[in-house]
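Work through these exercises with the model open. Try each task before you read its solution.

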Amino acid sequence: TMASLLQRTSTSAVSVVPPSIRHHNLTLLLWKSSARSSSSSSLHKNTPTSNDTMARLQPLSNKRRRRESRRHFQTQADFQQWRRNVRDSALLMFRPQKEVEQIRMEPLDLPTAAPFLQSVAPMADQLLLAGVKDATPSSPRDSLLECTYPLESNDILRYSVTDFSDWSAFRLGKFYELVDALTADVAYRHVASSSSGSGKEEVALVTAGHYHSRKYTRTDLNKDATLRSYVTKVGRSSLEVRTDGWQDDDKLINVCHTIMVALDSQTMKPLSRVGKALPPLIVETDDDHQRMQLADQHQQIRQDRSKNAMQLRNKVSVPPTFDEMQELHAIHRHRALQREEGIVDSTSSCAPTVREYTFRSSRVIFPEQRNVHGKLFGGFVMSEGQSLAQYTATFFAMGKPIVSMGIDEAIFLQPVALGDMVTFTARLVHATATTCRVNVTVEVRDPAAPSRVPVRSNRLVFVFGGDFSDRPQVIPETYQEMLMHVDVQKPRISPESLNRIYSASTMQLQ
């Protein structure tokens, strides 16, 4: 259980400066107040508080708070079903032994087969790379790359990825750093797998974002860890690449889904706008169809998010609904009543604000952090953002153990140039009894014009688990904080959309 895992877990924030890589990236429980209007005389700060008043003002923190890890889904049951579908559809895992033996893996030369991965770290030559031999061209198995960390026998490599969490001992920032590079190699393998369509030399692949990443089980740093990346769906100008982290051949520990966009290398426009297309994905098995169905679900979620985006600087910015504003009103009214009763004051830890759990880190982008196009490597953003988010969540937990559970999304808005002044801002915008979410924004600032509105580069939402049952809900004060607070709770896919996806998938199977 989460409680037993947390008893063995300790955590601390670590500042990570990842090595260079050459890859281009575009890139409640609401405090429900049951307070009612009262016709009695005003209560004063020094007036003794009755039991009825105390019950009226205390948040319901002892009850299990919902909407914990299920962002993007209507119900907890939908979220748990998604987790099972993701687990059961993992490529080359949980298959009959006879079927596994028929799949021939062969060692690959890392600098040749995975040039982006080769540039991740000076210790890349100590990683082991493999691929499937004699796979059907343009199939998921044909694009697959399997990278193994020999942690059991390599102490130096093990120390380089160690976190302070016993449950999530493999540093999640390092996982995302590797994912950002490995997915690029996998995407290019698919582009090169077919002689038809656009050739590898005609296409520039960029990372649009990482989505739906979750940790499944505990990582054991005394055993080798393997990351397996492969294509799950291909459109005309984009493709989804899935990365599974696993141990002991059958223990899934991490999953992340990445969207890559294919641009014409001459015009730098999406292929669909210049009359070209990516090689189609050859779907062979029921598992391939199941992963494609999941990819369709993920696409629907992204489309729904785009239509209902709340960020003020987006092209589309949707205001909170009436019900959402009522919830925000209840949060602030609850704190006002607590102050009136003298239970808390403006500095009390019983009424924390988002501002109190906002932390920043600023960096100058140096050449060793560049990608092949001379821009900032996206893996650096992921790793640095994860460290700052973990730092923020640890302070909210008041030093109690927390675990890194994954990311809801990591969106790459536009590239960052060498020499840019970059600021990471982490805000803890929502918490339940067992989870909290930290929103990290990455902005480029101009030292010659400090008052100028910073250029947005990335937006990331990290999820952490822990025992937050004795911590009150954080209170958003500014309108921007309120939008973040509401946005991280929104389910993004409706039952009607799910039915359309499942119906279309069933027709494909038939």
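**Exercise 1. Cysteines**

Task: Decide whether cysteine 147 and cysteine 256 are buried or exposed, and find how many disulfides the count comes to.

Solution:
- Step 1. The model is predicted, so every value here is computed from its coordinates.
- Step 2. Burial means under 20% relative accessible area.
- Step 3. Cysteine 147 has 0% relative accessibility, so cysteine 147 is buried.
- Step 4. Cysteine 256 also comes out at 0%, and therefore counts as buried.
- Step 5. A disulfide needs two cysteine sulfur atoms within 2.5 Å. The count by this rule is zero.

**Exercise 2. The whole protein**

Task: State how many helices and strands the protein has, and what percentage of its residues is buried.

Solution:
- Step 1. The secondary structure consists of 14 helices and 12 strands.
- Step 2. The protein has 510 residues, and 56% of them are buried.
- Step 3. Turn to the surface. About 22,000 Å² is exposed, with 51% of that area supplied by carbon and sulfur atoms.

**Exercise 3. Nonpolar cores**

Task: Find how many residues the largest nonpolar core has, and which of them have the most contacts inside it.

Solution:
- Step 1. The largest core holds 82 residues. Leu117, Leu205 and Leu239 have the most contacts inside it.
- Step 2. Helix α9 (residues 172–192) gives this core its largest share, 12 residues.
- Step 3. Another core lies apart from this one. It has nine residues, including Phe73, Trp82, Val86 and Val255.
- Step 4. Now list contacts of leucine 239, skipping neighbours within four places in sequence. Among them are Ala187, Leu205, Val231, Ile259 and Leu278. His190, Lys233 and Thr258 are also in contact with leucine 239.

**Exercise 4. A nonpolar surface patch**

Task: Name the residues that make a nonpolar surface patch of about 230 Å².

Solution:
- Step 1. The patch is made by Val364, Phe366 and Met421.
- Step 2. Place valine 364: it lies in strand β8 (residues 358–364).
- Step 3. Check the accessibility of valine 364. Patch residues need over 30% relative accessible area. Valine 364 has 31%, so it is partly exposed.

**Exercise 5. Positive phi**

Task: Find where methionine 268 and methionine 398 lie, and what phi each has.

Solution:
- Step 1. Recall the background: most residues other than glycine have a negative phi.
- Step 2. Methionine 268 has a positive phi, near 60°. Its loop runs between β7 (251–264) and α10 (286–307). At 39% relative accessibility, methionine 268 is partly exposed.
- Step 3. Methionine 398 has a positive phi of about 55°. It sits in the loop between α12 (378–396) and β9 (402–412). Its relative accessible area is 57%, so methionine 398 is exposed.

**Exercise 6. A buried arginine**

Task: Is arginine 158 buried or exposed, and which residues is it in contact with beyond its neighbours within four places in sequence?

Solution:
- Step 1. Arginine 158 belongs to helix α8 (residues 155–160).
- Step 2. Its relative accessibility is 12%, so arginine 158 is buried.
- Step 3. With those neighbours left aside, arginine 158 contacts Leu151, Glu152, Leu221 and Asn222.

**Exercise 7. Salt bridges**

Task: Find how many salt bridges the count comes to, then work through three pairs and a network.

Solution:
- Step 1. The count is 21 salt bridges.
- Step 2. Take aspartate 248 and lysine 223, which meet at 3.2 Å, N to O. Aspartate 248 is in the loop between β6 (238–247) and β7, and lysine 223 in the loop between β4 (203–215) and β5 (225–234), so the bridge ties together parts 25 residues apart in sequence. Aspartate 248 is partly exposed at 39%, and lysine 223 is partly exposed at 32%.
- Step 3. Aspartate 244 bridges to arginine 242, with closest N and O atoms 2.7 Å apart. Both residues are buried.
- Step 4. Arginine 305 and glutamate 409 meet at 2.8 Å, N to O. Arginine 305 lies in helix α10 and glutamate 409 in strand β9, so this pair links parts 104 residues apart in sequence. Arginine 305 is buried at 10%, and glutamate 409 is buried at 2%.
- Step 5. Finish with the network: salt bridges that share partners join Arg141, Asp288 and Arg291.

Terms used:
Residues are numbered from 1 along each chain as its sequence is written. This is a predicted model: local features need pLDDT of at least 70, side-chain atom pairs count only at pLDDT 80 or more; totals for chains, interfaces and linings use all residues. Side-chain values use heavy atoms; hydrogens and water are left out. Helices (H or I, at least four residues) and strands (E, at least two) are DSSP runs, numbered from the N terminus. Buried means under 20% relative accessible area, exposed over 50%, partly exposed in between (1.4 Å probe, protein chains only). Accessible areas come from the Shrake-Rupley method with a 1.4 Å probe; for residues, only the protein chains shown count as cover. Patches are made of residues with over 30% relative accessible area and no salt bridge: like charges are joined within 9 Å, nonpolar side chains (Val, Leu, Ile, Met, Phe, Trp, Tyr) within 5 Å. A salt bridge is a side-chain nitrogen of Lys or Arg within 4 Å of a carboxyl oxygen of Asp or Glu. Contact means heavy atoms within 4.5 Å. A nonpolar core is a set of buried Ala, Val, Leu, Ile, Met, Phe, Trp, Tyr and Cys residues joined through side-chain atoms within 4.5 Å.
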